[in-house]
Amino acid sequence: MPAGEALNARARATAPWGEESATALLVLADGTVIEGKGAGAVGIAVGEVCFNTAMTGYQEILTDPSYAGQIITFTFPHIGNVGTNTEDIETASLAAASGVRGCVLRAPITRASNYRARQEFDDWLKARGIIAITGIDTRALTALIREKGMPNAAIAHAPDGKFDLAALNRTLAGFPGMVGLDLAKDVTSGQSYGWNETEWRWNEGYGHETAARFHVVAIDYGLKRNILRELATAGCKLTVLPATATAEEVLARKPDGVFLSNGPGDPAATGVYAVPEIRKLVDSGLPVFGICLGHQMLGLALGGTTRKMHQGHHGANHPVKDFTTGKVEITSMNHGFAVDRESLPANVEETHVSLFDGSNCGLKVKDRPVFSVQYHPEASPGPQDSHYLFKRFVALMEENKGKG
């Protein structure tokens, strides 16, 4: 059966007297048109289609700025049935529109059933401007992505079921793809701010750090709130600066350490303005910790290169080996680019590797207090196996402060 027919097989709700008309389309760059039922916002959006294998945490995923420019296919079939709330939003800029272009779902969205729910998922999607298509054979779409790579696509929702395919294809043709795309500038904070909120605890909510031992400047390339919370929980007072911050602006805050955040897009594109500043921060002798896009751009600053991945890593069940401890941890990942280990200079050591495909997942500088990881240790969503990395960063600051 052709790919388009296979994907459409479950996208139609058939009554005894005929078929219901489609109210949403997913149009792939190869011409495949997938029909389904629309949900969330009405309109058209274009982006790169990826798949995410996490079974929980859809609200954190859909508000992660690292997904800017992408349409997320959820492999778990039941998305939305615990509703949404105000506590699980991950974008640091609450006023910003979601960078996610759309989402693809297997089952229709049901009514929320969870004591923490404050809003129905469909209403939340509308408020965030996220287009959704339901009734899709997401396993077939995932198999297509695994075979052919992440395609560019247009997602459209029209309640009357009327679509202009020619116009959709023209809109899709205007999307340049992720390579060469600097998206950090679209999701970064517009100004600096302080942060002291700590991690969430059941029946207590979020706390606040009142006796911080270290001051960390975090550069926001698409920062997740729970990363800030984990740093604060580890004893850090934080100052967040925009993606365009210079090394001089960072050092003027007299931090004990510097954090390079996660974010979307091509690291080489954002690196045009960020990498020279990161290089200066490495040369300053301060402890530096990077995650995701921050990891990739640190790799560039150290003399390495990055590459576009075939299908990327998106999920909360990715095994990674830490060579520094010999342990394997289950991690949360979201990235479409990776550092090329073969390009790293002799003074840079690979510390972590993916046990799925062998790609680089961590590095450290041998003669500097500088390290980074590709995955997301803050566990929003995902396991908490990697929380030790925040303590590792604090230990470096403590040691560096002792030397001073």
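## Starting inside: the smaller cavity

The second largest cavity is lined by 14 residues, among which I61, Y67, S332, M333 and P381 lie nearest its centre. Both β17 and β18 give two or more residues to this lining, and β18 has the largest share, with 3 residues. The second largest cavity has a volume of about 80 Å³, and its lining divides into 6 nonpolar, 6 polar and 2 charged residues. Here Ala, Val, Leu, Ile, Met, Phe, Trp, Tyr, Cys and Pro count as nonpolar, Asp, Glu, Lys and Arg as charged, and the others, Gly among them, as polar.

A word on the model: it is predicted, with local features needing pLDDT of at least 70 and side-chain atom pairs counting only at pLDDT 80 or more, while totals for chains, interfaces and linings use all residues. Residues are numbered from 1 along each chain as its sequence is written, and side-chain values use heavy atoms, leaving out hydrogens and water.

## The largest cavity

On a 1 Å grid over the protein atoms alone, a cavity is a set of points where a 1.4 Å probe fits but cannot get out; a pocket is an open set with protein on both sides within 12 Å along at least five of seven lines, and lining residues have an atom within 4 Å of a point. Volumes are the space filled by probe spheres set on the points, which are joined across faces, edges and corners.

The largest cavity has a volume of about 120 Å³. Of its 14 lining residues, S66, G265, H335, G336 and F337 lie nearest the centre. Strand β18 (residues 327-339) gives the most to this lining, with 4 residues; strands (E, at least two residues) and helices (H or I, at least four) are DSSP runs, numbered from the N terminus.

## Two open pockets

Turning to the pockets, the largest has a volume of about 680 Å³. It is lined by 34 residues, and E60, D88, R116, A379 and S380 lie nearest its centre. By class, this lining has 11 nonpolar, 14 polar and 9 charged residues. α2 (58-62), β11 (197-201) and α7 (225-233) each supply at least two of the lining residues.

The second largest pocket has a volume of about 280 Å³. Which residues lie nearest the centre of the second largest pocket? They are F51, Q311, G312, H313 and H318, out of 14 lining residues. Strand β17 (residues 306-322) supplies the largest share of that lining, 9 residues.
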